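User: Please take a close look at the enclosed space inside this protein. I would like to know what surrounds it and how the neighbouring parts are built.

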Amino acid sequence: MKIALLSRNKKLYSTRRLIEAAEEKGHTIQVIDVLRAYMNITSHKPSIHYKGDELNDFDAVIPRIGASVTFYGAAVLRQFEMMGVFPLNESVALTRSRDKLRSLQLLSRRGIGLPVTVYASKPDDVKDMVKMVGGAPLVVKILEGTQGIGVVLAETQKAAESIIEGFMGVNANILVQEYIKESKGADIRCFVVGGKVVASMKRQGPKGEFRSNIHRGGTATTIRITPEERSTAVRAAKIMGLNVAGVDLLRSNHGPVVMEVNSSPGLEGIESSTGKDIAGMIIDYIEKNSKFGKTRTRGKG
């Protein structure tokens, strides 16, 4: 097979592992910096060019698109779909999951457990917003934030009101969420491939830090998840339309709640903590499922 890997950095762990896994199984894989690709958008013969050459004859495309280049990256991925190339994750699923507000609304509509979440533009009563999520402590998140950046814990009513008013004063789009105190600064990353949880890990934030992101100094250990947690992760990935996803859960007093569904989950933490060949599983999935023109939306999403 000939596989395109959309990644801006060949040296990243996830990119390197996918290259290794593909080559070990006898496939040809080309890394494409998505911002260097350019498209000829024309009827009947859409094409993509890269460094002066036309990209042809790919069987599959793996998007590893950073949040900062989602718009352009999704356009390039959509162009591959229009050319009939099988996408590991489709462009419409990618953009759906990257929009935190939209993804929470979709999950809510399908009955997935979520922390109580409030979204507003210019509320007349910030006190009522705070009350809706059960009061302080609460979490304030910037919609465009990634890797724990732009996530603030407000421990008192006054702090919550000041933080919310401050963010709104600079026109930031924010979510206000219930703080799941019983999770004790830990979350669970469930790695879903092809409708199955193939690995899971517990991420624990350092002492005094409520965010569990590994990029913020968190540690990862393997964990046995419950059948309810497994079902929640699989359903969340399916609702987003993602074949491969990292579903982040918190253990609350009323069952698992989904914090985020990641369409380009990193491989380093999950492979290191579980010892599993996740990259190999992803290539296996592509081998079994890639077929010309096989997308739900055919690039029309």
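Analyst: Start with the largest cavity in this predicted model. Domain 2 (98–108 + 180–285) and domain 3 (115–178) both supply lining residues, so the largest cavity lies between them. It holds about 90 Å³ of space. The search covered the whole structure and returned 2 cavities of 30 Å³ or more.

Now the wall of the largest cavity. Its lining includes Ser97, Lys100, Ser103, Leu104 and Leu107. Lys141, Leu175 and Gln177 also line it. Val258, Met259, Glu260 and Val261 complete the list. Three elements each give two or more residues to this lining: α4 (100–109), β11 (174–178) and β16 (255–262). By class, the lining has 6 nonpolar, 3 polar and 3 charged residues.

Next, the sheet that contains β11. Four strands make an open sheet in the order β8-β11-β9-β10, with antiparallel pairing. The edge positions belong to β8 (117–119) and β10. Each of these two has a single partner strand, so one side of each lacks a neighbour in the sheet. From one strand to the next, the twist averages 25°. Helix α4 packs on this sheet and touches β8, β9 and β11. The direction of α4 makes about 45° with that of β11. So much for the sheet; α4 and β11 return here as two of the elements that give two or more residues to the lining of the largest cavity.

Follow Lys141 outward from the cavity. Lys141 is one of the residues in the lining of the largest cavity. Its bridge partner is Val151, in β10. Strands β9 and β10 pair over 4 bridges in the antiparallel sense. Gly150 sits in the loop between β9 (138–142) and β10 (151–154). Leaving out residues up to four places away in sequence, Gly150 touches Val140, Lys141 and Ile142. Thus Lys141 appears both in the cavity lining and among the contacts of Gly150. For a distance across this region, take Gly150 and Arg109. They are 41 residues apart along the chain, and their C-alpha atoms are separated by 26 Å.

The second largest cavity gives a useful comparison. It has about 60 Å³ of space. Its lining draws at least three residues from each of domain 1 (1–94) and domain 2 (98–108 + 180–285). Leu18, Ile62, Pro63, Arg64, Leu88 and Asn89 are among the residues that line it. Phe191, Val244, Ser263, Ser264, Pro265 and Ile282 line it too. The class split here is 8 nonpolar, 3 polar and 1 charged. The largest cavity, again, has 6 nonpolar, 3 polar and 3 charged lining residues.

Domain 2 is therefore the link between the two descriptions: domain 2 and domain 3 both line the largest cavity, while domain 1 and domain 2 each give at least three residues to the second.

Definitions and conventions
Residues numbered from 1 in each chain as written. Predicted model: local features only at pLDDT ≥ 70, side-chain atom pairs only at ≥ 80, totals over all residues. Heavy atoms only, no water. 1 Å grid on protein atoms, 1.4 Å probe; cavity = no way out; pocket = protein on both sides within 12 Å on 5 of 7 lines; lining within 4 Å. Points joined across faces, edges and corners; volume = space filled by probe spheres on them. Nonpolar A, V, L, I, M, F, W, Y, C, P; charged D, E, K, R; others polar. Domains from an automatic or database assignment. Contact = heavy atoms within 4.5 Å. Pairing = 2+ DSSP bridges. Axes fitted to C-alpha atoms, helices over the stretch in contact; angles between N-to-C directions.
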